[in-house]
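Reader: I should be grateful for a close look at one part of this model, with its surroundings described as well. Please define the terms as they arise.

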Amino acid sequence: MPRLHVAPPPSRPLHALTRAISPALEACALTHLPRTHIDLVRARAQHAAYEHLLEELGCTVERLPAGLDMPDSVFIEDTAVVFDEIAIITRPGAESRRGETAAVAAALPAYRSGIASIEPPGTLDGGDVLCLGRRLFVGTSGRTNAEGLAQLRALVSAHGYTVEAVSLNDCLHLKTAVTAVADDTVLLNPTWVDAAVFADVHVIEIDPAEPFAANALLVGDTVVYPDHLPRTFERLQEHGLDVRLVPADELAKAEGGLTCSSLLFFP
């Protein structure tokens, strides 16, 4: 099968929408990890370092206030999916998170005239949506259901996007299991998602000793990556990728990854 080549994005600055960490973070929704103490001071310092690196890489960072009674609100990626043509406000699969979308829905009209929403009974988390060019891979997880996927397909098909459902094993979101690290390359945990789904792009498998290592954030040509996963970091370097490390182990205790903590789009 011929390999999919995704044209690199235009050289225009990205906008990064982030959200401050809630003081209620320790009450976050957990699915696959045991609950452990989260150091709020350390988590906030790591999140600030993440935002600073996004700025270094050319992003304009806009931080929304924390949802004081919304433990997971720092994981802003789950609340919307933003394309050049349309922004879609999601309906998170965890009922406790549905109040998070209001602040994001209020911020996005400054950047997109077309705003749509996932409606009940559909559920969709942004962390389940992986975009490679005009192909969307959508994880059918515990947070995204068939109705939500169908609504997403109906909303984006008019703009030339295709949507492919992807089955997951034992992980929260699709982007827990696979993320883009170049225009034609993904980083993948083969025990959580079938690598055959991505047979027409290059696949870098994580080190098996680091099961949560597949979540990386691609910003232009640079891969932003957690500094507590050294074995998979070495694999990325071996493939000649430009990788910048950030501390991220504190938010990882809340099942959060680097993609979760921002919404990146061209303004």
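In β2, which residue is the bridge partner of threonine 18?

Author: The bridge partner of threonine 18 in β2 is arginine 63. The model is a predicted one, in which local features need pLDDT of at least 70 and side-chain atom pairs count only at pLDDT 80 or more, whereas totals for chains, interfaces and linings use all residues. Residues are numbered from 1 along each chain as its sequence is written, and side-chain values use heavy atoms, with hydrogens and water left out.

Strand β1 comprises residues 15-19 and strand β2 residues 60-64. Strands here are DSSP runs of E with at least two residues, and helices are runs of H or I with at least four, numbered from the N terminus. Two strands are said to pair if DSSP finds at least two bridges between them. By that rule β1 and β2 pair in the parallel sense over five bridges. Together with helix α1, these two strands make a right-handed β-α-β unit. Right-handed means that, with the strands pointing away from the viewer, the path from the first strand over the helix to the second runs clockwise.

β1 also has a partner in strand β15 (residues 263-265), to which three bridges join it in the antiparallel sense. Leucine 17 of β1 stands opposite leucine 263 of β15. In general, strands of a sheet pair through backbone hydrogen bonds, either parallel or antiparallel.

How enclosed is β1? Five of its five residues are buried, so the strand is largely enclosed by the rest of the structure. Buried denotes under 20% relative accessible area, exposed over 50%, and partly exposed in between, with a 1.4 Å probe and protein chains only. On one side of β1 the buried residues are His15, Leu17 and Arg19, and on the other Ala16 and Thr18, leaving both faces covered.

Helix α1 (residues 40-56) contains histidine 47, which counts as buried because its relative accessibility is 3%. Contact means heavy atoms within 4.5 Å. Not counting residues up to four places away in sequence, histidine 47 touches Thr18 and Arg19, as well as Ile21, Arg63, Val74, Leu251 and Ser261. Its contacts thus include both threonine 18 and Arg63, the two residues that are bridge partners. Histidine 47 also lies 8.3 Å from proline 247, C-alpha to C-alpha, although 200 residues separate them in sequence.

Elsewhere in the chain there is another β-α-β arrangement. Six bridges join β7 to β8, which run parallel, with threonine 140 of β7 partnered by serine 167 of β8. Here the chain crosses from β7 through α3 to β8, and this crossover is right-handed. On its other side, β7 (residues 135-140) pairs with β6 in the antiparallel sense over four bridges, one bridge joining leucine 132 to arginine 135. The three strands form an open sheet with mixed pairing, in the order β6-β7-β8. The edge strands, β6 (129-132) and β8 (162-167), each pair on one side only. Helix α3 (residues 146-157) lies across β6, β7 and β8, running at about 170° to β7; such angles run from 0 to 180 degrees between the N-to-C directions of axes, which are lines fitted to C-alpha atoms, for helices over the stretch in contact.
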